[in-house]
Amino acid sequence: MTKIKHLALSTQDVEQTARFYIDVFGMKEVGKIDDPGTRGYFLSDGDINLAILNFKNDTAAGAERGKGWSGIHHIGFQVESLDAIADKLAAAGSSRRDDVNQALGVGGRQAHGNVEVKYSGPDGVTVDVSETGWVGTSGFSA
């Protein structure tokens with residue numbers, strides 16, 4: 001069974017945006033990121049991981065939007081099998097976003113949370129899939 005476990009917002013002010021979701025909705029900070037492509041926060045309500053991200057370059061953001069774009073960037077689904085979901089995504093016309101995967105240093109098979117593979121989705125929204133899930137989420141047992 002597939003579950004939505006991760007949403008990512010692209011913003012120009014990660015501190016203010018993270019503070020909003022913490023103060024208003026009681027989300028908890030469960031991590032930070034500051035790498036060559038992205039900086040931001042990972043928040044959680046205990047079930048879903050919300051990434052508040054500022055992309056440092058157009059490649060990491062995905063060239064169709066660029067680093068200056070703000071809004072929903074991608075939706076993450078925890079899946080039982082990366083191979084099975086890759087077949088379903090291909091059948092639906094989705095392709096791997098290896099440009100973004102490479103720029104962010106993701107797309108491989110690693111054994112810890114927050115490692116995912118990004119694909120094109122409808123309406124310009126990127127989807128990412130993970131067998132391991134995201135930090136702060138409940139996984140399949142919930």
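The legends below accompany several views of one predicted model.

**View 1. The whole chain, with four helices and seven strands.**
Welcome to the overview. Along the sequence the elements come in the order β-α-β-β-β-α-β-α-α-β-β. The radius of gyration is 14 Å, close to the 14 Å that the globule rule gives for 142 residues, so the protein is as compact as a globular protein of that length. If you are setting up a frame for this view, the C-alpha atoms fill a box of roughly 40 × 35 × 25 Å along the principal axes.

**View 2. Surface and interior of the protein.**
Among the 142 residues, 43% count as buried. The protein exposes about 7200 Å², and carbon and sulfur atoms supply 54% of that area. Turning to contacts with a separation of 6 or more, 59% of them join residues 24 or more positions apart.

**View 3. The largest nonpolar core, built from 10 residues.**
Here you can pick out A8, F42, A51, L53, F55, A60, A61, V100, L104 and V106. Three elements, β4 (49-55), α2 (58-61) and α4 (98-104), each supply at least two residues of this core. The largest share, three residues, comes from β4. A second, separate core has nine residues, including L9, A18, Y41 and L50. As general background, nonpolar side chains tend to be buried together in soluble globular proteins.

**View 4. F55 and its contacts.**
F55 is one of the residues of the largest nonpolar core. Leaving aside residues up to four places away in sequence, F55 touches S10, G37, T38, A60, A61, K67, H73 and L104. Among these partners, A60, A61 and L104 also belong to the largest core. The list of contacts includes S10 as well, and the next view is centred on that residue.

**View 5. S10, a buried serine in strand β1.**
S10 sits in the strand that spans residues 3-10. With a relative accessibility of 4%, S10 falls under the 20% limit and therefore counts as buried. A polar atom of the S10 side chain lies 2.8 Å from the backbone oxygen of W69. Not counting residues up to four places away in sequence, S10 touches L53, F55, W69, S70, G71 and H73. Of these, L53 and F55 are members of the largest nonpolar core, and W69 is the residue whose backbone oxygen takes part in the 2.8 Å pair. H73 is worth a look too, as H73 appears among the contacts of S10 and also among those of F55.

Conventions: Residues are numbered from 1 along each chain as its sequence is written. This is a predicted model: local features need pLDDT of at least 70, side-chain atom pairs count only at pLDDT 80 or more; totals for chains, interfaces and linings use all residues. Side-chain values use heavy atoms; hydrogens and water are left out. A nonpolar core is a set of buried Ala, Val, Leu, Ile, Met, Phe, Trp, Tyr and Cys residues joined through side-chain atoms within 4.5 Å. Buried means under 20% relative accessible area, exposed over 50%, partly exposed in between (1.4 Å probe, protein chains only). Contact means heavy atoms within 4.5 Å. A polar contact is a pair of N or O atoms within 3.5 Å; within protein, one must be able to donate a hydrogen and the other to accept it, and residues adjacent in sequence count only if both atoms are side-chain atoms. The radius of gyration is taken over C-alpha atoms; the globule rule is 2.2 Å times the number of residues to the power 0.38. Accessible areas come from the Shrake-Rupley method with a 1.4 Å probe; for residues, only the protein chains shown count as cover.
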